[in-house]
Amino acid sequence: MRCPEGWVAVCAPADLTPGRGVAALLPDGTQAALFADRAGQTYAIANRDPFTGAQVLSRGLTGSADGRPFVASPLLKQRFDLASGSCLDDPSVSVPTYRVRSVPGVRGTRGV
């Protein structure tokens, strides 16, 4: 995934289970939440829930609304669009998103 410090190997796509998130520790000490959908598309957003400050979005429930994949925070249940980071329940709030790519033969090593 691409973070401010550059590309960081996190995990292989096969390590991601559709519908379940994985948390990753980034070089700057922040956390990201990675997800894969059933079609194999991968997403990465910040793991920090902006409503509570807790690092929990990787533990949220995934779904889709109007064709938009989202994760619902396990705490207060706000839904965050996995592609854009925008909160579907409060348009004034969003979380950072990260670009992801798959590189054959490269395996990630950073996890939380």
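## An all-strand predicted model

Strands β7 and β8 pair in the antiparallel sense, with three bridges between them. One of the matched pairs here is valine 71 with phenylalanine 80, its bridge partner in β8. The two strands make a hairpin with six residues between them, and lysine 77 in the turn has a positive phi of about 75°. Lysine 77 is not a glycine, which makes its positive phi a detail to look for in the loop. Please keep in mind as you read on that this is a predicted model.

### The whole chain

Let us step back to the protein as a whole. Its secondary structure comes to nine strands and zero helices, so the pattern along the sequence reads β-β-β-β-β-β-β-β-β. How does the radius of gyration of the protein, with its 112 residues, fit that of a compact globule? The protein has 13 Å, in agreement with the value near 13 Å that a compact globule of 112 residues would have. Along the principal axes, the C-alpha atoms fill a box of roughly 40 × 30 × 20 Å.

Of the 112 residues, 38% count as buried. The accessible surface comes to about 6200 Å², and carbon and sulfur atoms account for 49% of that area. Among contacts between residues at least 6 apart in sequence, 42% join residues at least 24 apart. As for charge, there are 12 positive and 9 negative ones, and their mean positions are 6 Å apart.

### The sheet around β4

Which strands form the open sheet, and in what order? The sheet has four strands in the order β3-β4-β5-β9, with antiparallel pairing. Its edge strands are β3 and β9 (97-98), each of which pairs on one side only.

Strand β4 (residues 31-36) is a good place to look inside this sheet. Four bridges join it to strand β3 (residues 22-25), and the two run antiparallel. Going along β3, valine 22 stands opposite leucine 34, alanine 24 has alanine 32 as its bridge partner, and leucine 25 stands opposite glutamine 31. With β5, strand β4 pairs over five bridges, again in the antiparallel sense. Leucine 34 appears here too, standing opposite alanine 44 in β5.

Is β4 enclosed or open to the outside? Six of the six residues of β4 are buried, so the strand is largely enclosed by the rest of the structure. In a regular strand the side chains alternate between the two faces of the sheet. In β4, Gln31, Ala33 and Phe35 point one way, whereas Ala32, Leu34 and Ala36 point the other way, and all are buried.

### β6, β7 and the hairpin turns

Strands β6 and β7 run antiparallel and are joined by five bridges. Leucine 61 stands opposite alanine 72 in β7. Strand β7 is mostly covered, with four of its five residues buried.

Aspartate 66 lies in the loop between β6 (61-65) and β7 (68-72). Although aspartate 66 is not a glycine, its phi is positive, at about 55°. Is aspartate 66 buried or exposed? Its relative accessibility is 81%, and residues over 50% are called exposed, so aspartate 66 counts as exposed.

The hairpins and their positive-phi residues can be set side by side:

| Hairpin | Residues between the strands | Residue with positive phi | Phi |
|---|---|---|---|
| β3 and β4 | five residues | glycine 29 | near 95° |
| β4 and β5 | five residues | glycine 40 | about 90° |
| β6 and β7 | two residues | aspartate 66 | near 55° |
| β7 and β8 | six residues | lysine 77 | about 75° |

### Proline 50

One loop residue deserves a visit of its own. Proline 50 is found in the loop between β5 (42-46) and β6. With a relative accessible area of 29%, proline 50 is partly exposed. Which residues does proline 50 contact, leaving aside its neighbours within four places in sequence? They are Phe80, Val93, Ser94 and Val95. Phe80 is also the bridge partner of valine 71, which links this loop residue back to the pairing of β7 and β8. Aspartate 81 is 31 residues from proline 50 in sequence, and their C-alpha atoms are 14 Å apart in space.

Technical notes: Residues are numbered from 1 along each chain as its sequence is written. This is a predicted model: local features need pLDDT of at least 70, side-chain atom pairs count only at pLDDT 80 or more; totals for chains, interfaces and linings use all residues. Side-chain values use heavy atoms; hydrogens and water are left out. The radius of gyration is taken over C-alpha atoms; the globule rule is 2.2 Å times the number of residues to the power 0.38. Buried means under 20% relative accessible area, exposed over 50%, partly exposed in between (1.4 Å probe, protein chains only). Contact means heavy atoms within 4.5 Å. Accessible areas come from the Shrake-Rupley method with a 1.4 Å probe; for residues, only the protein chains shown count as cover. Lys and Arg count as positive and Asp and Glu as negative; His and the chain ends are not counted. The place of a charge is taken as NZ of Lys, CZ of Arg, CG of Asp or CD of Glu. Two strands pair if DSSP finds at least two bridges between them.
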